[in-house]
Amino acid sequence: MLTRHLLKQASNCRHFLLNSKTSSPFLTKSILFSSSSSSPESQSPTNTFVDDKVNDQYPTGTSISIDRSALYNLPEHSHEPTSDSELVKHLKGIIKFRGGPISVAEYMEEVLTNPKFGFYISRDVFGAEGDFITSPEVSQMFGEMVGVWAMCLWEQMGRPKQVNLVELGPGRGTLMADLLRSASKFKSFTESLHLHMVECSPTLQKLQHHNLKCFDEDDNSDGVEKRTVSMLAGTPVSWHALLEQVPSGCPSIIIAHEFYDALPVHQFQRASRGWCEKMVDVSEDSMFRFVLSPQPTPATLYLMRRCKWAAPEEIEKLGQIEVCPKAMDLTRTIANRISCDGGGALIIDYGLNGVVSDSLQAIRKHKFINILDDPGSADLSAYVDFASIRHSAEEVSEDISVHGPMTQSQFLGALGINFRVEALLQNCTDEQADSLRTGYWRLVGEGEAPFWEGPDEQVPIGMGTRYLAMAIVNKKQGVPVPFQ
């Protein structure tokens, strides 16, 4: 069977014997929520694609009074004495027009995805020259293992002739490029696919088009829409701003890697009068600051839902809670599609299998900053509440099942990454071997790499236990690999 051919044997081994000096390290997004408040500058990553033959390189207008009596005091922050950016002017204009503050979620959404000035919209934010590095940029093996998962799910689905392969927030397209390269030899799988990239950034869409080696077919037939095809596997490719725009009617395999963490969160703080939503306001000296809403806000309904899913003792010990309505709503959309059309979704992100307290952070050029400093110049992200995803999906339909979360180390290990790195190490240069060892550790390791011989401040940090994997599938297909 294809499954046995792909997986060979499940492996319980988390760590591969690494005893060679590695190449230059680089910061991954997984380090954002470590106990330290700052991170070292990263050096240039080398996600060199290693073939078995080693011959290829490779996003209300009600006025309210403001109660500042219970303001949560964050660390002090500073603004450089420069004129306001267009995004800052836009945010201040919204607050002035409203006659009061905006929610943290609205602030976060404007900062990241404002159509003109958003952080993700007009630039490439990934890699050493950007602000953070994701798992697909670390090593080709990540995309290859996600490809193994997708092919196994396709087989469990009965090898359908038409499948929507959907990626939410595909970044540079690196994950999908590695997936298609590794799957290209399985023609029956790749010929069934129509690739759908859900991406709101025109800049990143162009980069994905390039990295997937796409070309636009010349077809002047009347009534026939011109197709875009990836030369990596002969797969048609389409772009969409929203998941809802992806055509329905056939099974979907949905990949959401580091997508949920960028969805806007509402923050609530416990005060003497109960839970109050934290808001963003402009102070008398024209600086952004946090205040608390004196009355319940619309997002309070989501807070009540989240508290209903948690044990009372879990809530009682918290002074702050983050909720992500868009994550709940997105999960319901995914679960509805899978329930109706079949298929499954894989969610990989950093987070907790429980209520998230206060995780929202900003990082610029691989360093932490205050989230109110120079909005639009830094990435904002928050821990993913995997328990909330589970409950949101299970409420939609009895036809779907949710599996996990398990750690990224367990997930990749069970899919065969240990065998893959051993095979690649037998046919590569010394430089490629160093990159493979470092990349392997970052994907499956925990904490600082024990084999590191370079400067202490540059030691590679593993994300193997910090990142979690969860699957949502149609029950008809059984339990997905490797969650059995």
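His240 is buried, with a relative accessible area of 12%. In this predicted model, His240 belongs to strand E6, which covers residues 235–240. Setting aside neighbours within four places in sequence, His240 is in contact with His196, Met197, Val198, Glu199, Gln245, Val246 and Pro247.

Some of these names return when we turn to Val166. Among the contacts of Val166, leaving aside its neighbours within four places in sequence, are His196, Val198 and Val246, and each of these three also touches His240. The remaining contacts of Val166 are Leu243, Ile253, Ile254 and Ile255. Val166 lies in strand E2, residues 163–168. Is Val166 buried or exposed? Its relative accessibility is 0%, so Val166 counts as buried. A further link concerns Trp239: Val166 and Trp239 are 73 residues apart in sequence, yet their C-alpha atoms are 9.8 Å apart in space.

Allow me now to place these residues in the whole chain. The protein chain has 484 residues, of which 58% count as buried. It is built with 15 helices and 20 strands. The chain exposes about 20,800 Å², and carbon and sulfur atoms supply 49% of that area.

I turn next to a later part of the chain, beginning with Pro405. This residue is found in strand E17, residues 400–407. With a relative accessibility of 22%, Pro405 counts as partly exposed, because buried means under 20%. Strand E17 itself is largely enclosed by the rest of the structure, because six of its eight residues are buried.

Which strand pairs with E17? The partner is strand E20, residues 467–474, and the two pair in the antiparallel sense over six bridges. Within this pairing, Ser401 has Val473 of E20 as its bridge partner. Pro405 also reaches this region: Leu468, Ala469 and Met470 are among the residues it touches, not counting those up to four places away in sequence. Its other contacts on that count are Asn353 and Phe386. Pro405 and Leu468 are 63 residues apart in sequence, while their C-alpha atoms are 5.7 Å apart in space.

Following the chain onward from E17, we come to helix H13, residues 408–415. How many of the eight residues of H13 are buried? Seven are, and the helix is mostly covered. The buried residues are Gln408, Ser409, Phe411, Leu412, Gly413, Ala414 and Leu415. Just after H13, Gly416 takes a positive phi of about 105 degrees.

Helix H14 comes next, with residues 417–425, and its buried residues are Ile417, Asn418, Arg420, Val421, Leu424 and Leu425. These residues cover an arc of only 165 degrees around the axis, which puts them on the same side of H14. A general point helps here. An α-helix has 3.6 residues a turn, so residues three or four places apart point the same way.

What covers the buried residues of H14? The cover includes helix H5, residues 140–156, together with H13 and helix H15, residues 430–444. The packing of H14 against H15 can be described further. Their axes are 10 Å apart and meet at an angle of about 170 degrees. Angles over 145 degrees count as roughly antiparallel, and H14 and H15 are therefore roughly antiparallel to each other. On the H14 side, the residues involved are Ile417, Asn418, Val421, Leu424 and Leu425. On the H15 side, they meet Ala433, Leu436, Arg437, Tyr440, Leu443 and Val444.

Another helix with several neighbours is H9, residues 300–309. Its buried residues are Thr300, Leu303, Arg306 and Trp309. The elements covering them include strands E8 (266–271), E9 (274–282), E11 (320–323) and E16 (384–385). Helices H11 (325–341) and H12 (386–394) are also included in that cover.

I close with a sheet. In what order do the strands of this open sheet of three strands lie? The order is E14-E13-E15, with antiparallel pairing. The edge strands are E14, residues 367–369, and E15, residues 379–381, and each pairs on one side only. From one strand to the next, the twist averages 40 degrees. Strand E13, residues 361–364, is joined to E14 by three bridges. At this pairing, Arg364 stands opposite Lys367 in E14.

Note on methods. Residues numbered from 1 in each chain as written. Predicted model: local features only at pLDDT ≥ 70, side-chain atom pairs only at ≥ 80, totals over all residues. Heavy atoms only, no water. Buried < 20%, exposed > 50% of the residue type's maximum accessible area, 1.4 Å probe, protein only. Helix = DSSP H or I, 4+ residues; strand = E, 2+ residues; numbered from the N terminus. Contact = heavy atoms within 4.5 Å. Pairing = 2+ DSSP bridges. Axes fitted to C-alpha atoms, helices over the stretch in contact; angles between N-to-C directions. Arc of directions from axis to C-beta. Areas by Shrake-Rupley, 256 points an atom, 1.4 Å probe, with all protein chains shown as cover. Parallel < 35°, antiparallel > 145°, perpendicular 65-115°, else oblique.
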